[in-house]
Amino acid sequence: MADLPKAAELIKIDHKPKAKGWMETPVNIRPGMYCYAANPKSLDYMGFPNVREWNPLDQDWKLPNNWKEILFEGIRERLGRFRSFKIFMDICVRCGACADKCHFFIGTGDPKNMPVLRAELLRSVYRNDFTMAGKILGKIAGARPMTLDVLKEWWYYFFQCTECRRCSVFCPYGIDTAEITIMGRELLNLLGLNIDWIATPVANCFRMGNHLGIQPHAFKDMLDFFEDDIEELTGLRMGVQYNKKGADILFITPSGDVFADPGTYTCMGYMMLFYYLKQEYGLDVTWSTYASEGGNFGFFTSHETMKRLNAKMYAEAKRLGVKWILGGECGHMWRVITQYMDTMNGPADFLEVPKNPITGTVFENARSTKMVHISEFTADLIRHKKLRLDPSRNDNLKVTFHDSCNPSRGMGLLDEPRYVIQNVCNNFCDMPPNTIRENTFCCGSGSGLNAGENMEQRMAGGLPRANAVKYVQEKHGVNMLATICAVDRAALPDLMKYWVPGVAVTGLHELVANALILPGEKERETDLRQEPLPGMEDGTDE
Amino acid sequence: MKITTLLQQQRTAILKKWFDSVADAYPLETSRFLKTQQDPFANPVGNAMTSGLEGLLEEFAKGAEREKLIRLLDPIIRIRAVQDFSPSQAVGFIFNLKKIIRDFINNIANAQVAQDDLARLEAEIDAAGLLAFDIYMGCRERLYDIKANQERTKVFKAFKRAGLVTEPSEDDPGLTVSNIS
């Protein structure tokens, strides 16, 4: 026995990582963990610099000769423009409070996904080039010069952050680490280093009004399909209004709701709610085929791009002469509206302070932006008993709620969605406290990372969320995960397929529409997914 | 001494060594986190490892059942299948247990273990390693299914929007993981 070679010697498997500092650990760009490089045509359309074809796996990224100079100038300019950036570069004491709070760190086990370390990737260069201590002491002061390897590391890890801001909840100094990623990506864009899942939706949205580049007539066609489906279900046509001048409210939702399941059912939910409100209270809501996108991938690109895409919603509201804007179930749209819009394109003085004409509620929180989240709007209607609901139609569902990062942490929308769910469903339970509300774990696919080629990254990043869903599935029999973000609705079904089979994903207003009793509707036999309603299982077999 | 007795008597110590050997395959900062954070929702990887390894050791002590082994291995392998591990690294941690147990036998006085008893245990560990490989492949295939179906659905929907599909009764091509695997 003693003469046998050890197994590890035979196949030379090295289970031990090399004990090196993070600065000496080179970046290893692994397929499955990154998104494809941006299509040059999309970058060119938006007027971004240094447009070219390049491949992250190639040694040569075809950078312009003066790329270091471009970055240096880019950092210098932004330190002057954004006080927050300068402060976030200087004040971190590396206490580590954020270190283990990132879903990507938890899921991948890669220390460079600790928010503090991800930020250090940029800070180390900042110290080297912009601080006296860094210039004199170098590595001792945590500084390092910019090199091609450092640049590749930036690209790899700034696109392994979903800008979800969970880490910033725990920072005792209030550093918003997402803002560092935002700045890192903005700098990478100066060198043409965006990913296609962001760049092409941005170009499409700028040109055509939505991420997929769907033209106005095709947008209407899709809603017409939903009209047909709803008619089959209820016997009623919803009579959706488009581009109607002088309507009370302009409704804008992410285009994912129009084109991607299961968001399409949420979209049908909006249509049914607006029909109800029109019939019962005469509320006049219009959709726009031009401002046909609530999402804003400019937010993941640069401040200027975010501003350009955000502006179209307000331009359309002005053109149509509506009173205020109602926004659909979107994620990052709400962070843009709540935290950036007002100083970027606002204040929207040409609109009225949003007031629900049915209940009289004034949405003080939207006094300046003039844009109200549909969860608040519906919660207000329910609170004032303005909707006739039959929650038993959702009795086949045991629902839990995933707080989408941006509505929860970006605008404090925590109770309204739960209030709505509890009024339209009889079975609801929350996931464990440290995984919900402001502590919510990201879906792992936000901030433009919801592509297909980076599936390992998405599954690893979504592990903490899926782990909490699995817990309520096993403990309470949960079979439906509700959420108020279009990226969640697109990303979470895949996440569930991998980690928690048996749990489906829904938007809030799909549940609302299932329970909503429309005036004049025929007896419903199925839900919006054309699955039999509870108690109707036998009837559909015949 | 029966191997079962050894596993029961030294359970905590063996488990700790095994857990450490798995955790130490991660970079230092991560390994420290995996070992110290006890909250199962803050540290799902560490939690899956703890409960999985504990259950596996119990199974080995009493004679492993295939279904139970699969149930215990799945959460650990499912995680490692998407992390930065080669296939051999992803399943290799199971075999660490052999050396750990032999070290315990050698280091404990009077721990004379019958060779066939030890061989039985090691065969079970080997079997678990093979099952782990099945699970690993299942996880990878699931990932590819998800990717492939995403692309198929995208193309199908584009065709539908363009009016190139005339008889779509469903919004997807009808392929699911369950009916193509």
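## A pair in the three-stranded sheet

In β7(A), A504(A) is the bridge partner of M480(A). This is a predicted model. M480(A) belongs to strand β6 of chain A, residues 480-483. Strand β6 runs parallel to β7(A), and 4 bridges join them.

The wider sheet is open and has 3 strands. Their order is β5-β6-β7 in chain A, with parallel pairing. β5 (399-402) and β7 (504-507) of chain A stand at the edges. Each has a single partner strand, so one side of each is left without a neighbour in the sheet. On average, neighbouring strands here are turned by 35 degrees against each other, direction ignored.

## A helix across β6 and β7

Helix α23 of chain A spans residues 508-515. It lies across β6 and β7 of chain A. Helix α23 runs at about 80 degrees to β7(A).

## The four-stranded sheet

Chain A also holds an open sheet of 4 strands. The order is β2-β1-β3-β4, and the pairing is parallel. The edges are β2 (285-287) and β4 (371-373) of chain A. Each edge strand has a single partner, so one of its sides lacks a neighbour in the sheet. Neighbouring strands of this sheet are turned by 30 degrees against each other on average, direction ignored.

Strand β1 of chain A covers residues 249-252. It pairs with β2(A) in the parallel sense over 3 bridges. Here L250(A) stands opposite T286(A) of β2(A).

## A helix packed on the sheet

Helix α15 of chain A, residues 303-320, packs on this sheet. It touches β1, β2 and β3 (324-327) of chain A. The direction of helix α15 makes about 150 degrees with that of β1(A).

Note on methods
Residues numbered from 1 in each chain as written. Chains lettered and ligands numbered in written order. Predicted model: local features only at pLDDT ≥ 70, side-chain atom pairs only at ≥ 80, totals over all residues. Pairing = 2+ DSSP bridges. Helix = DSSP H or I, 4+ residues; strand = E, 2+ residues; numbered from the N terminus. Axes fitted to C-alpha atoms, helices over the stretch in contact; angles between N-to-C directions. Contact = placed C-beta atoms within 7 Å.
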